[in-house]
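User: I'm new to this structure, so please pick out the pockets and walk me through what lines them.

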Amino acid sequence: MKFTTLNNGVQMPLLGFGVYQMRDLKECQEAVLGALQTGYRLIDTAAAYENETAVGAAIQQSGIARDKLFITTKLWVQDAGYEKARSAFLRALDRLKLDYLDLYLIHQPYSDVHGAWRAMEELYDEGLIRAIGVSNFAPDRLTDLATFNRITPAVNQIEMHPFLQQGQNVAFMQSMNVQAQSWASFAEGKNNLFSNPLLVSIAQLYNKSVAQVVLRWLIQRNVIVIPKSVNLPRIRENFNVFDFSISDVDMEKISQLETGETLFTAHTDPERIKTVGTKIFNT
């Protein structure tokens with residue numbers, strides 16, 4: 001396993017396992033256990049995924065020493081704010097059956113993120129979180145949070161795949177000493193990613209799968225990846241990305257797949273913000 005060093009000195013694996021959309025808790029627990037047995041040590045979940053209990057059960061079942069693991073979960077919008085964020089964190093810790101978290105992220109850049117961040121800073125000071133960060137923060141929102149608070153986010157987890165490569169955003173984060181992390185590294189198969197002629201040809205060149213090429217491409221950009229699968233052979237395949245390197249020429253070829261457009265959600269879209277707010281106030 002290869003690691004990157006966060007801005008507070010904490011070592012974080014460059015490859016992890018994600019559990020987004022794993023609503024079947026038994027299936028989720030089995031997948032996480034399989035990932036841990038394969039060698040993954042970074043597990044990424046969120047309160048909004050509603051599977052933290054399954055992740056916690058798999059961790060317990062694995063028998064792996066806690067200090068060998070790196071566990072991430074996230075704060076949902078409805079719990080933004082100082083008091084609510086602190087309570088939400090403690091609930092997440094209980095669901096995961098852990099004494100501390102390695103990384104806690106603000107999941108969406110909406111509502112009282114400054115209040116939530118102050119609570120997270122305190123939890124960090126208390127030793128309950130080893131690092132704190134954000135997800136889906138555009139450069140202006142990331143700058144705002146870092147400028148008006150004591151601790152700069154350690155990580156920003158954003159949509160990133162061959163069709164949305166986030167080159168300028170990653171460079172900006174690097175200038176702020178914020179680690180970039182990718183979600184939807186495979187674009188959830190959109191734009192026929194797995195049959196893309198260029199990616200297929202590069203995969204054949206290295207005797208690897210398209211998925212392995214995409215993960216390796218991101219890792220070589222020093223971007224943390226968290227591929228998700230409930231299929232054990234695929235879980236193992238995605239882990240096997242450290243025995244080859246993509247040449248500069250092929251890295252450049254992949255860069256030509258950039259479209260500059262999200263395939264999912266534009267978090268800066270005012271209508272999306274209104275929709276999220278309406279849902280929160282009506283629940």
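Analyst: A quick bit of vocabulary to start: Ala, Val, Leu, Ile, Met, Phe, Trp, Tyr, Cys and Pro count as nonpolar, Asp, Glu, Lys and Arg as charged, and the others, including Gly, as polar. Keep in mind that this is a predicted model, where local features need pLDDT of at least 70 and side-chain atom pairs count only at pLDDT 80 or more, while totals for chains, interfaces and linings use all residues. Residues are numbered from 1 along each chain as its sequence is written, and side-chain values use heavy atoms, with hydrogens and water left out.

The largest pocket (an open set of points on a 1 Å grid over the protein atoms alone, where a 1.4 Å probe fits, with protein on both sides within 12 Å along at least five of seven lines) has a volume of about 1,100 Å³. Its lining (residues with an atom within 4 Å of a point) takes in 40 residues, and Tyr-20, Gln-21, Tyr-49, Trp-183 and Glu-188 sit closest to the centre. Strand S9 (179–183), helix H9 (232–239) and helix H11 (270–281) are the elements that each give two or more residues to that lining; helices (H or I, at least four residues) and strands (E, at least two) are DSSP runs, numbered from the N terminus. H11 gives the most, with 5 residues. Sorted by class, the lining of the largest pocket holds 15 nonpolar, 17 polar and 8 charged residues.

Next comes the second largest pocket, at about 380 Å³. Here 19 residues form the lining, and Ala-138, Leu-164, Gln-166, Asn-169 and Thr-268 are the closest to the centre. Strand S8 (155–159) and helix H6 (167–175) are the elements giving two or more residues to this lining, and H6 supplies the largest share, 3 residues. By class, the second largest pocket is lined by 7 nonpolar, 10 polar and 2 charged residues.

H9 turns up again elsewhere. Along with strand S3 (16–18), strand S4 (42–44) and helix H2 (52–62), H9 is among what covers the buried residues of H1. Those buried residues (under 20% relative accessible area, with a 1.4 Å probe and protein chains only) are Cys-28, Ala-31, Val-32, Leu-33, Gly-34, Ala-35 and Leu-36. Helix H1 itself covers residues 25–38, 14 residues in total, and reaches 20 Å from its first C-alpha to its last, close to the 20 Å expected at 1.5 Å a residue (1.5 Å times one less than the number of residues).

Terms used
Grid points are joined across faces, edges and corners, and a volume is the space filled by probe spheres set on the points. Buried means under 20% relative accessible area, exposed over 50%, partly exposed in between (1.4 Å probe, protein chains only). Contact means heavy atoms within 4.5 Å.
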